[in-house]
Amino acid sequence: MPLSGDLLRLADAVLFPGFAGHMPPDWLRRRLGEGLAGVVLFSRNIADPAQVARLTAALRAENPSVLVGTDEESGEVTRLEVATGSSRPGGYALGVVDDVALTEALAGDLGGDLAAAGITLDFAPSADVNSNPDNPVIGLRAFGADPALVSRHTRAFVRGLQSAGVAACAKHFPGHGDTSVDSHHGVPVVADGIEDALLPFREAIKEGVKAVMTGHLLVPSYDAELPATLSPKVLTGLLREELGFEGMIITDGIEMAAVAGTYGIGGASARAIAAGADAICVGGERADEATAAGIRDAIATAVTQGLLPEERLADAARRVRELASWAASSGSQASRDGSVGLAAARRAVRITRRSTAPVLPLTSAASVVELAPEMNLAIDRNTPWGVGQPLASLLPGTVVTRLTVGDSTGSALERLLGEASGRPLVIVVRDVHRYAWQEQALRHLLSARPDAVVVEMGLPERSDLGAVHIATYGSARVCGQAAAEVLTGRL
């Protein structure tokens, strides 16, 4: 039987699709005019801040109350600065500094940029406790591995962001930190005893966080069958009733294999709303009109078939409207400080000197070898990173070579060693402990050049590598700049 227009509009009121292009396509304009709740911007939608402001203005011309969300965590996961790399370090670097006033100031600065671009909902901060060093998708996005530290910086980030009139969204509930599977590809299982993982979410709720994003995680201690995004026991029983959260619950990308692989995108969406979610995020991988229409229709059909009570759908739409009303009335002209990000990155650097020889500062053009692993899907693979470029600007004549797993052969490394003869050698790695090929390449290079400096731009499981080991706790543009300043004695 045909679906009623009222029911389709109600389904649209909980949907946040993505789309292609720097301006809204016709189908999106039409749907916004019919009451679509919001949109999600990805790096494909962003050229520069002025363009984003034009885009969000065009969206609001169709629906003044539209919520515009994006993944702008700072650090590795950036959308506004995807072309240049982030001017702010990510969560782990902030946790290393452990200055909550700095975290709040940085988040307020970020919120000012988002608000100026017309973005009203930021899928940040990551409130995950990264207690598993082999985690393939959280890592540097978390504030750290200690629940209390993560909690206080989660609260500070929420305060800063929302002071600028941008809704914060704590993620990935009930905590993606103690996992070794990326939910883009499979279903991570969280071990029993999740109280530590829940602590930052409890604190974010106390701080008044406006939204929480679900993680596609199986938590057997609460539900042995359904991942959190689809589990009434987790979303309604735990998040709503036990933790007392009254704001908007939004799913992580619903097209991810951990949920869509079993139920399909539409089926997972309807089940998520039935479980207690209020909004469906989609579009990281599927950003077409047919996907958005299919989700809307699947949600409406679930109501007609009795799988989703209409009252639950109406309640979800109400919570989305309440957040949109807050965003519309909370605009702020917060002053922005373009220097806070670099200052934070500088304070996060940690240096271990293992040689009595005067390795630093470098005073002549260097050879830089950057070992580049493949990034998870949360990180846009076109985001610039590294130490070579900022170091070359400080030491003209510096030569930079980037190697991936397929390039890192013995002959290639020997050639680079030959070219580096008589020059300082800087080896840049990223989560070296997680990649055997990086460990092998690093060992090869250091065996020939024990005087080399190692810069770790991921999680430094070891600091006893190289004559000098520099840990930046991030690969944002400012982290590379801070490392270059250390190498040349400017920091």
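Two strands are taken to pair if DSSP finds at least two bridges between them, and the strands themselves (E, at least two residues), like the helices (H or I, at least four residues), are DSSP runs numbered from the N terminus. The model is predicted, so local features need pLDDT of at least 70 and side-chain atom pairs count only at pLDDT 80 or more, while totals for chains, interfaces and linings use all residues. Residues are numbered from 1 along each chain as its sequence is written, and side-chain values use heavy atoms, with hydrogens and water left out.

With these terms in hand, the sheets make a handy starting point. One open sheet contains 6 strands in the order 2-3-4-5-6-7, with parallel pairing. Strand 2 and strand 7 (248-250) stand at its edges with a single partner strand each, so one side of each has no neighbour in the sheet. Within the sheet, strand 4 (residues 121-122) pairs with strand 5 (residues 167-173) in the parallel sense over 2 bridges, and Leu121 stands opposite Ala167 of strand 5. Helix 3 packs on this sheet, touching strand 2 and strand 3 (67-70); contact here means heavy atoms within 4.5 Å. The direction of helix 3 makes about 165 degrees with that of strand 2, where axes are lines fitted to C-alpha atoms (for helices over the stretch in contact) and angles run from 0 to 180 degrees between N-to-C directions. Helix 11 (residues 310-329) also packs on the sheet, touching strand 3, strand 4, strand 5 and strand 7, and its direction makes about 90 degrees with that of strand 3.

A further open sheet is built from 6 strands in the order 9-14-13-12-10-11, with mixed pairing. Strand 9 (350-353) and strand 11 (399-403) are its edge strands, each pairing on one side only. Neighbouring strands are turned against each other by 15 degrees on average, direction ignored. Strand 14 offers a good view of the mixed pairing: strand 9 runs antiparallel to strand 14 and is joined to it by 4 bridges, whereas strand 13 (residues 453-456) runs parallel to strand 14, again with 4 bridges. On the strand 9 side, Arg350 stands opposite Ala471 and Thr352 has His469 as its bridge partner; on the strand 13 side, Val454 stands opposite His469. In a regular strand the side chains alternate between the two faces of the sheet. In strand 14, Val468 and Ile470 point one way and His469 and Ala471 the other, and all are buried, that is, under 20% relative accessible area (exposed is over 50%, partly exposed in between; 1.4 Å probe, protein chains only).

Attention now turns to the interior. A nonpolar core is a set of buried Ala, Val, Leu, Ile, Met, Phe, Trp, Tyr and Cys residues joined through side-chain atoms within 4.5 Å. The largest such core has 94 residues, and Val39, Phe173, Ile254, Ile299 and Leu313 have the most contacts inside it. Helix 9 (residues 257-275) gives the most to this core, with 8 residues. A second, separate core of 29 residues includes Ala366, Val387, Val455 and Val486. Returning to Ile299, its contacts beyond four places in sequence include Ala11, Ile273, Leu308 and Leu313. Ala11 is also one of the buried residues of helix 1 (residues 5-12), alongside Leu7, Leu8, Leu10 and Asp12. These buried residues pack against strand 1 (15-16), helix 2 (26-33), helix 10 (289-304) and helix 11.

The whole structure holds 3 aromatic pairs, for which the ring centres of Phe, Tyr or Trp (its six-membered ring) must lie within 6.5 Å; planes under 30 degrees apart count as stacked, over 60 as edge-to-face and the rest as tilted. Tyr92 and Tyr473 are stacked, at 6.0 Å centre to centre and 5 degrees between the planes. Tyr92 lies in helix 4 (residues 91-97) and Tyr473 in the loop between strand 14 (468-471) and helix 16 (477-487), so the pair ties together parts 381 residues apart in sequence. Both Tyr92 and Tyr473 are buried. The rings of Phe143 and Phe157 have centres 6.2 Å apart and planes at 55 degrees, so this pair is tilted.

Finally, Ser43 sits in the loop between strand 2 (38-41) and helix 3 (49-62) and is buried, at 17% relative accessible area. Its side chain makes a polar contact with that of Asp380 (2.4 Å); such a contact is a pair of N or O atoms within 3.5 Å, and within protein one must be able to donate a hydrogen and the other to accept it, with residues adjacent in sequence counting only if both atoms are side-chain atoms.
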